[in-house]
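This note is offered to a colleague who is opening the structure for the first time. Please keep the sequence and the model in view while reading the numbered points.

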Amino acid sequence: MKSKLMVLALMLGASVATAAVDERAVVANYADLAHAVYEDALTTAQQLQVTTDALLLAPGVDTLQAAREAWKRARVPYQQSEVFRFGNAVVDDWEGQLNAWPLDEGLIDYVASDYSFELGNEGAEVNIIANTALNIGGQVIDTAELTPQLLAGLNELAGSEANVATGYHAIEFLLWGQDLNGTDAGAGERPYTDYVVGDACTGRSCERRGAYLRAVVQLLVDDLLYMADQWAAGRADNYRAELLASEPQEGLDIMLFGMGSLALGELAGERLKVSLEANSPEDEHDCFSDNTHNAHFYNALGINNVYFGRYQRINGEQLQGASLSDLVRASAPQTDVAARAAFNITRVRFDVMVNAAEQQGMKYDQMIAEGNEQGQQIIRAAIDALVAETRAIEAVARVINIADMQPETAGHDF
């Protein structure tokens with residue numbers, strides 16, 4: 001009589017075959033997935049660049065909306081890439097320039113009069129767009145020409161991590177503006193006239209705002225081109241070559257550490273738990289656009305991709321290769337079944353979050369509102385699923401002789 005776990009394996013499509021799996025093939029497929037994800041992130045960033053150029057050429061309701069939709073599409077592959085961040089220093093040392101958050105948006109542009117920011121942040125209200133020079137602690141910084149290099153150098157200005165001048169969230173702010181709705185319905189409502197040069201300009205400094213947007217999108221494209229190259233096959237001098245030249249056990253360790261750290265410390269902790277406990281839309285990930293539910297969903301999907309060795313590209317192509325699941329199933333099929341079940345539960349919990357946002361109109365900032373028990377329970381259920389998924393990942397690590405994986409917790413207790 002089949003055990004319940006074996007029945008569940010069949011329901012989830014798991015094979016009980018025990019053929020030997022090549023560890024090097026698993027790590028090589030991981031590198032293939034990383035390259036595909038970063039290549040897709042680059043492609044969607046280039047498409048975003050086309051739409052932002054069109055916005056600046058002819059500001060209007062339609063061109064602004066097209067740029068916003070392109071930004072959301074660009075988030076789909078990028079959020080799936082974050083599983084490659086932890087354990088791969090080449091990614092972790094680089095990613096802050098693309099995805100640092102939350103940010104004190106007064107660094108970049110005009111904000112509401114009741115704008116709140118990190119206490120003691122000297123750069124929180126300098127408004128780069130409105131000023132051709134910044135005075136920070138007596139040091140004058142020339143910002144007359146808004147170039148990608150200049151903006152990159154302004155990240156963490158005056159030593160504050162809240163001073164984020166570049167990346168997806170800087171672009172998001174430039175397209176949506178502040179979300180002034182708190183935990184009520186509604187996203188940012190920046191008008192297209194913020195990009196109209198001449199008498200119809202709103203928010204002042206429209207020409208410089210356009211120059212800032214153009215520079216920050218160019219930097220995003222340049223950065224993603226660099227990372228796609230780091231994972232490209234056929235190179236002797238990039239990170240992929242370095243990874244594949246190491247012992248496969250090292251690569252497997254990196255894979256599992258990345259999965260566990262994104263699931264536990266980053267997604268369950270920094271992105272869900274912090275905002276939930278503080279009832280704070282300021283700690284919401286895609287806070288200007290109300291796209292946070294999708295950002296979380298694709299983070300979770302990225303973890304899933306690595307375990308199963310697969311990724312669906314933006315053109316619909318399905319990549320599939322040797323996987324951790326194959327490796328575990330060959331020697332400990334019940335551990336694989338349990339991991340599959342944990343991943344399935346996580347997927348369902350984030351489906352619920354996306355459905356609440358897209359079908360019921362309850363976006364993430366409404367879910368975290370004080371007194372919204374339904375919304376908060378959706379988030380708590382997602383956190384619980386991620387914690388259980390991390391425990392399953394730790395069990396997988398033990399099966400492949402990684403005894404002490406210790407995923408990052410970011411200081412959170414679960």
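**Notes on the predicted model**

1. Charge. The protein carries 27 positive and 60 negative charges, and the mean positions of these two sets lie 8 Å apart. These positions are taken from a predicted model.

2. Confidence. Mean pLDDT for the protein is 94, with 95% of the residues at 70 or more. Residues 1-18 need separate treatment, since pLDDT stays under 50 over that stretch. The model nevertheless gives residues 1-18 22 contacts beyond four places in sequence. Where pLDDT is low, predicted coordinates should not be read in detail.

3. Overall fold. The protein contains 15 helices and four strands. Its radius of gyration is 22 Å, close to the 22 Å that the globule rule gives for 414 residues, so the protein is as compact as a globular protein of that length. The C-alpha trace spans about 80 × 55 × 40 Å along the principal axes.

4. Interior and surface. Of the 414 residues, 56% are buried. The protein exposes about 17100 Å², and carbon and sulfur atoms supply 49% of that area.

5. Contacts along the sequence. Taking contacts between residues at least 6 apart in sequence, 71% join residues at least 24 apart. Gln80 and Tyr298 illustrate a pairing across the sequence: 218 residues separate them in the chain, while their C-alpha atoms are 5.3 Å apart in space.

6. Gln80. Is this residue buried or exposed? Gln80 belongs to helix H3, which covers residues 61-81. Its relative accessibility is 4%, under the 20% cut-off, and Gln80 therefore counts as buried. Beyond its neighbours within four places in sequence, Gln80 is in contact with Val37, Tyr298, Leu301, Gly302, Asn305 and Tyr311. Tyr298 thus appears both in this list of contacts and in the C-alpha distance given under point 5.

7. Lys273. Which residues does Lys273 touch, not counting those up to four places away in sequence? They are Ala268, Ile383, His412, Asp413 and Phe414. Lys273 lies in helix H10, residues 248-278. With a relative accessibility of 16%, Lys273 counts as buried, because the cut-off is under 20%.

8. Points to check on the display. The reader may wish to locate Gln80 in helix H3 and Lys273 in helix H10. Residues 1-18, with pLDDT under 50, may be set aside during this inspection.

Conventions. Residues numbered from 1 in each chain as written. Predicted model: local features only at pLDDT ≥ 70, side-chain atom pairs only at ≥ 80, totals over all residues. Heavy atoms only, no water. Helix = DSSP H or I, 4+ residues; strand = E, 2+ residues; numbered from the N terminus. Rg over C-alpha atoms; globule rule 2.2 N^0.38 Å. Buried < 20%, exposed > 50% of the residue type's maximum accessible area, 1.4 Å probe, protein only. Contact = heavy atoms within 4.5 Å. Areas by Shrake-Rupley, 256 points an atom, 1.4 Å probe, with all protein chains shown as cover. Lys, Arg positive; Asp, Glu negative; His and termini not counted. Charge placed at Lys NZ, Arg CZ, Asp CG, Glu CD. pLDDT = per-residue confidence, 0-100.
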